[in-house]
Amino acid sequence: MPEERAATPDEVRAALDALGEADLVRLEKFARYRIRGLGRKAEGRDHDDLLGEAIRDTLDPEKRRWNKDVSFVRHLVGAMRSISSHWREQFDENEPLLESELLQTTDEGEVLSPLDVVGSGAPGAERILAAKEELERIEKAVADDTVVSDILGGLRAEMLAGEIREVLGLSVIEYETAMKRFRRRVRPTGGQGGSDA
Amino acid sequence: MPERPRDYEAELRAIMEALAESVAEASDEEILRETREAAEDPRVIADRVRDVLRRAAKDFEQRRLRVAEKAHEEHVQSLRTRSSSLPNTPEDRRKLFTLVMTRKPELGQALVTLQNREFKNFTDADIQSCLEQLGALGVLGEFEEREEG
C-alpha cells in the first residue's frame with residue numbers, strides 16, 4: 001500500500017468517531033456471526049474481543065493498516081474476517097492430532113464418526129457434538145423455506161455463493177433475498193440455544 | 001471405500017461465514033430493520049459498539065505507552081549499571097578520566113560538559129557525569145579491562 005494511503009492513528013480515531021448507527025450495528029452482527037462460526041474454537045472469546053482486536057490491529061503500524069481507498073467499515077470487516085480465521089488456525093495448530101484421533105475405523109473398514117466416540121474421552125468430541133446440535137437447530141429453523149434449506153445444503157457442502165446460485169438457478173437478487181430470510185431465522189445473537197437458532 | 005464422516009464444525013462455520021458476508025453486503029435500511037424486528041434498539045447497540053471500539057483504541061495507546069515506559073526504564077537501569085562499575089573514589093575516577101582523555105582526546109567532542117573547559121577545572125561531579133556519558137557510549141570497557149589487566 002502506498003504510504004500516503006495508509007491512515008494515521010488520528011485518521012483511524014476520526015473514522016471511528018464518524019461511524020454511523022447502521023455501520024456500527026453491521027460490525028457487531030458480522031462479529032457475532034464470525035464468532036458463532038468458530039463455535040468452541042473461539043475459546044471463550046466473544047464478538048467484543050473480535051471488534052477490539054480489529055481496532056488494535058488497525059492502530060498498530062506493524063499489523064493491519066487501513067488503506068484509505070477502502071471504506072473504514074469494509075476495512076474492519078476484512079480485519080475481523082482475517083483475525084477470526086487466524087484464531088481458528090491457531091486452535092487447529094494447537095490440536096494437530098485431533099482429526100486423526102477422532103477418526104476411528106472398525107475391523108470391517110467402517111469409519112466411525114467423531115460422535116460415535118463421544119464419552120470415550122477423545123479430545124474435541126464434545127465440541128463437535130455442540131456443532132452438530134447447533135446445525136440441527138438451524139436446519140429446523142429454516143425447514144419450511146425450501147430455497148433457504150437448499151442454500152443451507154450448499155453451504156454445508158462448503159460451496160461458494162456463486163456455485164450455490166448456479167446450481168439452484170437463483171439470480172443475485174433472489175439469493176440475497178433468501179439470505180435475508182435466512183438471517184431472520186438465524187439471528188447473530190442466537191448463540192447457543194438462542195430463540196431462533 | 002468407507003464414507004468419510006461429516007465435519008460438523010466446518011459446516012457450521014461455512015453457514016455462519018455466509019451469514020456474516022450477507023450482513024456485510026446488506027443495505028443500512030435492512031440492517032436497521034432486522035435489528036428492530038428482533039426487538040433490539042439499533043441506537044443502544046451502536047453506542048455500545050462505539051464504546052467497545054474506543055476502549056480498544058485507548059487500550060492500544062496505553063499499551064504502547066507502557067512499552068515505551070518499560071524501554072525507558074531499561075535504558076535508565078542500563079546507565080545505572082554502567083555507572084555503578086565506575087571506580088569508587090573521586091581520585092580513581094579522575095585518574096580513569098584523564099587516562100581516557102589522554103589516549104582518546106577525540107572523545108572530548110562527544111561530551112557536553114567538556115565544551116570549552118580545561119580538565120583541571122573539572123569538579124568531581126563533572127568527572128562522574130562525563131564517565132557516565134562515556135560508559136553509555138560503550139567506550140569505557142577497554143580502559144576498565146586494561147586497568148584490571
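Is Arg26(A) buried or exposed? Arg26(A) is buried, with a relative accessible area of 5%. Keep in mind that this is a predicted model. I will stay with this residue for a moment, then go through some other charged pairs, and finish with a pocket.

Arg26(A) has a partner. Its side chain meets that of Asp23(A) in a salt bridge, at 3.2 Å from N to O. As a reminder, side chains of opposite charge can pair when their charged atoms come close. Here the two residues are three apart in helix 2 of chain A, residues 21-38, so about one helical turn separates them. The partners differ in exposure: Asp23(A) is partly exposed, because its relative accessible area of 22% is not under 20%, the limit for buried.

Next, a second pair in the same helix. Which residue does Arg32(A) form a salt bridge with? The partner is Glu28(A), and the closest N and O atoms are 3.2 Å apart. These two are four residues apart in helix 2 of chain A, which again puts about one helical turn between them. Both Arg32(A) and Glu28(A) are buried.

Now a pair between chains. Glu25(B) forms a salt bridge with Arg74(A), with 3.6 Å between the closest N and O atoms. Glu25(B) belongs to helix 1 of chain B and Arg74(A) to helix 4 of chain A, so this pair joins two chains. Arg74(A) counts as partly exposed, at 47% relative accessibility.

Some salt bridges share partners. In this way Glu28(A), Arg32(A), Asp48(A) and Arg48(B) are joined into one network. Glu28(A) and Arg32(A) are the helix 2 pair from a minute ago. Over all chains, the count comes to 33 salt bridges.

That leaves the pocket. Rolling a probe the size of a water molecule over the atoms shows where empty space is left. The largest pocket has a volume of about 540 Å³. How many residues line the largest pocket? There are 27, and those nearest its centre are Ala161(A), Tyr175(A), Ala18(B), Glu21(B) and Ser22(B).

Several helices contribute to this lining. In chain A, helix 4 (72-94), helix 8 (161-168) and helix 9 (172-185) each supply at least two residues, and so does helix 1 (8-25) of chain B. Helix 4 of chain A and helix 1 of chain B also hold the Arg74(A) and Glu25(B) pair. As for residue type, the lining divides into 12 nonpolar, four polar and 11 charged residues.

That is the end of my part.

Technical notes:
Residues numbered from 1 in each chain as written. Chains lettered and ligands numbered in written order. Predicted model: local features only at pLDDT ≥ 70, side-chain atom pairs only at ≥ 80, totals over all residues. Heavy atoms only, no water. 1 Å grid on protein atoms, 1.4 Å probe; cavity = no way out; pocket = protein on both sides within 12 Å on 5 of 7 lines; lining within 4 Å. Points joined across faces, edges and corners; volume = space filled by probe spheres on them. Nonpolar A, V, L, I, M, F, W, Y, C, P; charged D, E, K, R; others polar. Salt bridge = Lys/Arg side-chain N within 4 Å of Asp/Glu carboxyl O. Buried < 20%, exposed > 50% of the residue type's maximum accessible area, 1.4 Å probe, protein only.
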